[in-house]
Amino acid sequence: MSIDRQLFPSDPACAGLRRLLLAHDGSTTRLCEAVALQPIRVLLHEQKRITKAPEDILKHLGGSHWLSRVSSLYTSEGKVMMDNLSFTRLDKVPNWFLRKLDEGQVPIGLMLQQIFVRRKPIETSQTLQNLLWSQVGLPDPDTSRGYLIVTPEGPLMLIFEVFREAICG
């Protein structure tokens, strides 16, 4: 199946949805499923364990070992709803969570429902953003956001995501 990725529409009909997507504080995965009226799929572009990370990761997450992941959420018709870059601090994640990440089949948002978390918006550097754009293309800063996933024990993940045309469409 081919994957179809388009920029988020700039027309006024989607402006309200853009504001809602960028402001919401819940599961982005669940939002995508509600809009698509179907379960969404994960396309894992790259996933690796790293010991050297961009300054943003050191600043926001700390630690010395992370899981770097680039993925897309898409519909059964192959329409990309969003692209994601995430860094997970490996010494803070439960073992079952790490196993699911390694499998690369389940959206992170669905797994986070089993952990008490909150989201904290952050500014992301151009360096961090370019890590996503270099994998998936189509930079779209107006429909992108960065945030931390924070547990009572501290920050667990940093996520940078961009919404695509299929979520409006």
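Does Cys168 count as buried, exposed or partly exposed, and at what relative accessibility? In this predicted model, Cys168 counts as partly exposed, at 22% relative accessibility. The cut-off for a buried residue is under 20% relative accessible area. Cys14, with a relative accessible area of 6%, is buried.

These two cysteines are joined to each other by a disulfide, with an S to S distance of 1.6 Å. The structure holds one disulfide. The link of Cys14 and Cys168 is left-handed, with -90 degrees about the S-S bond. Distant parts of the chain are connected by this pair: Cys14 lies in the segment before α1 (15–23) and Cys168 in the segment after β6 (154–163), 154 residues apart. Cys32 is buried, at 0% relative accessibility. The closest cysteine sulfur to that of Cys32 belongs to Cys168 and is 12 Å away, which is too far for a bond because a disulfide requires sulfur atoms within 2.5 Å.

The strands were examined next. Strand β2 (66–74) runs antiparallel to β3, and nine bridges join the two. A hairpin is formed by β2 and β3, with five residues between them. Within the turn of this hairpin, Gly78 has a positive phi of about 85 degrees. Across the pair, Val70 is found opposite Leu85 of β3. Strand β3 is mostly covered, as ten of its ten residues are buried. β3 also pairs with β6, in the antiparallel sense and over seven bridges. In that pairing, Asn84 stands opposite Glu161 of β6.

Glu161 of β6 is in addition the bridge partner of Arg145, a residue of β5. The pairing of β5 with β6 is antiparallel and extends over eight bridges. These strands form a hairpin with two residues between them. β5 is further joined to strand β4 (residues 118–122) by five bridges, and the two run antiparallel. Here the bridge partner of Lys120 is Leu148 in β5.

Strand β5 (residues 144–151) has eight of its eight residues buried, so the strand is largely enclosed by the rest of the structure. Burial applies to both of its sides. Ser144, Gly146, Leu148 and Val150 point one way from β5, while Arg145, Tyr147, Ile149 and Thr151 point the other way.

In soluble globular proteins, nonpolar side chains tend to be buried together. The largest nonpolar core of the model has 18 residues. Those with the most contacts inside this core are Ile57, Leu61, Leu85, Phe87, Leu132 and Leu158. At least two core residues are supplied by each of β2, β3 (80–89), α6 (126–136), β5 and β6. The most is given by α6, with four residues.

The contacts of Leu132 were then listed, leaving aside neighbours within four places in sequence. Leu132 is in contact with Val70, Asp83, Asn84, Leu85, Gly137, Phe160 and Val162. Among these contacts, Val70 and Leu85 are the residues that stand opposite each other in the pairing of β2 with β3. Asn84, also in contact with Leu132, is the residue opposite Glu161 in β6.

Methods. Residues numbered from 1 in each chain as written. Predicted model: local features only at pLDDT ≥ 70, side-chain atom pairs only at ≥ 80, totals over all residues. Heavy atoms only, no water. Buried < 20%, exposed > 50% of the residue type's maximum accessible area, 1.4 Å probe, protein only. Pairing = 2+ DSSP bridges. Core = buried A, V, L, I, M, F, W, Y, C linked by side-chain atoms within 4.5 Å. Contact = heavy atoms within 4.5 Å.
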